[in-house]
Amino acid sequence: MRQHGDLPQLARAEKIAKRAAQFVQDGRAIILDTGSTVCHVVDFLSDKAGLTIVTNFPPILSRLDARGDWKIIMVGGTLRTGRYDLVG
């Protein structure tokens, strides 16, 4: 596993995600792009209410669907093979 400093890559991604989620306030609109760290951000947003989330990253949809008070907007486009995001 790649390391940066003393933290393995996964632990570092979770630390970044937790910190990013702390900036999100209830009722706000945010954009979640692609990447493994973004998946972790979703996990740390569970205490936020009334979010509007815009994304082009289908892999996080199942995590976002768990919250009935969130509005989820999936940006359309063409699926990039191997990247699992929508572009165009």
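The legends below describe close-up views of a predicted model of one protein chain.

**View 1. The whole chain, with its helices and strands.** In this predicted model, the protein chain contains 3 helices and 7 strands, and read from the N terminus onward these elements follow the order β-β-α-β-α-β-α-β-β-β. The C-alpha trace spans about 40 × 35 × 20 Å along its principal axes. Of the 88 residues in the chain, 26% are buried. When contacts with a separation of 6 or more are considered, 27% of them join residues that lie 24 or more positions apart.

**View 2. The open sheet formed by E3, E4 and E5.** Three strands make up an open sheet in the order E3-E4-E5, and their pairing is parallel. Strand E3 and strand E5 (71–74) stand at the edges, where each has a single partner strand, and therefore one side of each has no neighbour in the sheet. From one strand to the next, the twist averages 20°. Strands of a sheet pair through backbone hydrogen bonds, in either a parallel or an antiparallel manner. Here E3 and E4 run parallel and are joined by 4 bridges, and E4 (residues 52–55) pairs with E5 in the parallel sense, also over 4 bridges. Two positions help the reader to find these pairings in the model: Leu32 has Thr55 in E4 as its bridge partner, while Ile53 stands opposite Ile72 in E5.

**View 3. The two faces of strand E4.** In a regular strand the side chains alternate between the two faces of the sheet. Strand E4 shows such an alternation, with Ile53 and Thr55 pointing to one face, where they are buried, and Thr52 and Val54 pointing to the other, where they are not buried.

**View 4. Helix H1 and its buried face.** Helix H1 covers residues 9–22, and because a rise of 1.5 Å a residue predicts a span of 20 Å for its 14 residues, the 20 Å between its end C-alpha atoms agrees with expectation. The residues Ala13, Ala17 and Ala21 are buried in H1. Seen down the helix axis, the buried residues fall within an arc of 65°, so they line one face of H1. Helix H2 (36–44) is included in what covers these buried residues. Glu14 is also placed in helix H1, but this residue is partly exposed, with a relative accessibility of 31%. Leaving out residues up to four places away in sequence, Glu14 touches His40 and Phe44. Its C-alpha atom is separated by 17 Å from that of Leu64, a residue 50 positions away along the chain.

**View 5. Helix H2 and the largest nonpolar core.** In helix H2 the buried residues are Val38, Cys39, His40, Val41 and Val42, and they pack against H1, E3 and helix H3 (61–64). In soluble globular proteins, nonpolar side chains tend to be buried together. The largest nonpolar core of this model has 16 residues, and those with the most contacts inside it are Leu32, Leu45, Ile53, Ile60 and Leu64. At least two residues of this core come from each of H1, strand E3 (29–32) and H2, and H2 gives the most, with 4 residues. When residues up to four places away in sequence are not counted, Leu32 touches Val38, Val41, Val42, Ile53, Val54, Thr55, Asn56, Ile60 and Leu64.

**View 6. Ala49 in the loop between H2 and E4.** Ala49 is located in the loop that lies between H2 and E4, where this residue is partly exposed, with a relative accessible area of 31%. Aside from its neighbours within four places in sequence, Ala49 is in contact with Asp26, Gly27, Arg67, Asp69 and Trp70. Thr34, by comparison, is 15 residues from Ala49 in sequence, and their C-alpha atoms are 22 Å apart in space.

**View 7. Tyr84 in the loop between E6 and E7.** Tyr84 is found in the loop between strand E6 (78–79) and strand E7 (86–87). Its phi is near 60°, which is a positive value in a residue other than glycine. With a relative accessible area of 51%, Tyr84 is exposed, since the cut-off for an exposed residue is over 50%.

Conventions. Residues numbered from 1 in each chain as written. Predicted model: local features only at pLDDT ≥ 70, side-chain atom pairs only at ≥ 80, totals over all residues. Heavy atoms only, no water. Expected span 1.5 Å × (residues − 1). Buried < 20%, exposed > 50% of the residue type's maximum accessible area, 1.4 Å probe, protein only. Arc of directions from axis to C-beta. Contact = heavy atoms within 4.5 Å. Core = buried A, V, L, I, M, F, W, Y, C linked by side-chain atoms within 4.5 Å. Pairing = 2+ DSSP bridges. Axes fitted to C-alpha atoms, helices over the stretch in contact; angles between N-to-C directions.
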